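Here are some remarks on the enclosed spaces in this model, set out point by point for you to follow alongside the coordinates.

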Amino acid sequence: MVHMPARTMPLGSASTLTFFYALGYPVGALAVSVMSPMAVLVFRFGLAAAILATWAKFARVSWPTGGTLVHVLISGLLAQGLLFTCLYVALMHGAPAVLGAVIISMNPVVTAVLAAMFLGETLTRRRIVALVLGVAAVLASCAGRLIAVGGVDPAVLLILVSLFSVAAGGVYQQKFCSDVDFRATAALQNAACILPVVALAAVTPWTVTDPWKAAGAVAAVVLLNAVLSMTLYVRGINEYGAATVAMLFAVIPAVAGVLAWVMLGERPDIGIAVGLVVGAAACFLANAGIPRLNSRGLAPRPRFEESIAERSGGR
């Protein structure tokens, strides 16, 4: 499916996805604080793939084959494998969970650009301004860390890679995989990431500093983030399009910031607060003016077109 007009996401679905996606940042940070990142990801992708595959089997969904299967696997490597590998390593190197949330909140802006390039969606002046604001928001949110380390450190670069990978994965999924059942997509996306993280885990040290805390954190990562949150994310893209789902990232950092403050004691600094406000404005501009589908699943016609249709008797 090359192009999908944006649809308004119901408030309940949007709120649920926002909360559980935001929860993934502090939970992920907690997990990598007591266990090495690649070990966390081996459990995350392996257990999630098994759970989701079992769900898909009992639901008797149709599994993709041939070229469609390849596309689903590629979308998983982008939207999940590269995203979480880079993010967890950045968290291990001391990047605050809310910093990762704020930078990745630029997803709507990057998605708008990629959608214009690969899905034929219009890149208006408004979206160009949003892109500029998005860059400013990222710089503001990173300012404190840039000053502290004297430049752009690997952690910030890794989170930027996560940003582009999640945007590219969402657009790729909409373009090639929208007709695949979301349960099959979620299971295969997790399965696609197992071998790469196992290979990385084989060449990096495995450390567990607190077994009980690690077990609880990994269980939360698998059940709440890998299974629940990412399944909702995949389903959202299938039903509402990448641009509509990406818009939630305007709110996710605020929720992640509150959760990180409560769970980890990470108090956002002024730069992150400014980045959150500017980023929200960028996300709003990036998605303003997207045509919404009416009750028949069609984009509303412009008033001029409607008047012509009325004069011609609807012909």
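**Internal cavities**

1. In this predicted model, a search of the whole structure turns up two cavities of 30 Å³ or more. The points below take each of them in turn.

2. The largest cavity holds about 40 Å³ of space, and the residues that line it are Tyr21, Gly24, Tyr25, Phe84, Leu87 and Asn225. Two helices, H1 (11-34) and H3 (66-92), each supply at least two residues of this lining, with H1 providing the largest share, namely three residues.

3. As to the character of that lining, the residues around the largest cavity divide by class into four nonpolar and two polar, with no charged residues.

4. The second largest cavity has a volume of about 30 Å³, and its lining is made up of Asn107, Thr111, Val166, Ala167, Gly170, Tyr233, Ile237, Ala242 and Ala246. Here four helices each supply at least two lining residues, namely H5 (107-118), H7 (154-176), H9 (211-240) and H10 (242-246), and among the contributors it is H7 that gives the most, with three residues.

5. By class, the lining of the second largest cavity comprises six nonpolar and three polar residues, and no charged ones. When inspecting the two sites side by side, it may help to begin from the helices named above: H1 and H3 for the largest cavity, and H5, H7, H9 and H10 for the second largest cavity.

How values were computed: Residues are numbered from 1 along each chain as its sequence is written. This is a predicted model: local features need pLDDT of at least 70, side-chain atom pairs count only at pLDDT 80 or more; totals for chains, interfaces and linings use all residues. Side-chain values use heavy atoms; hydrogens and water are left out. On a 1 Å grid over the protein atoms alone, a cavity is a set of points where a 1.4 Å probe fits but cannot get out, and a pocket is an open set with protein on both sides within 12 Å along at least five of seven lines; lining residues have an atom within 4 Å of a point. Grid points are joined across faces, edges and corners, and a volume is the space filled by probe spheres set on the points. Ala, Val, Leu, Ile, Met, Phe, Trp, Tyr, Cys and Pro count as nonpolar, Asp, Glu, Lys and Arg as charged, and the others, Gly among them, as polar.
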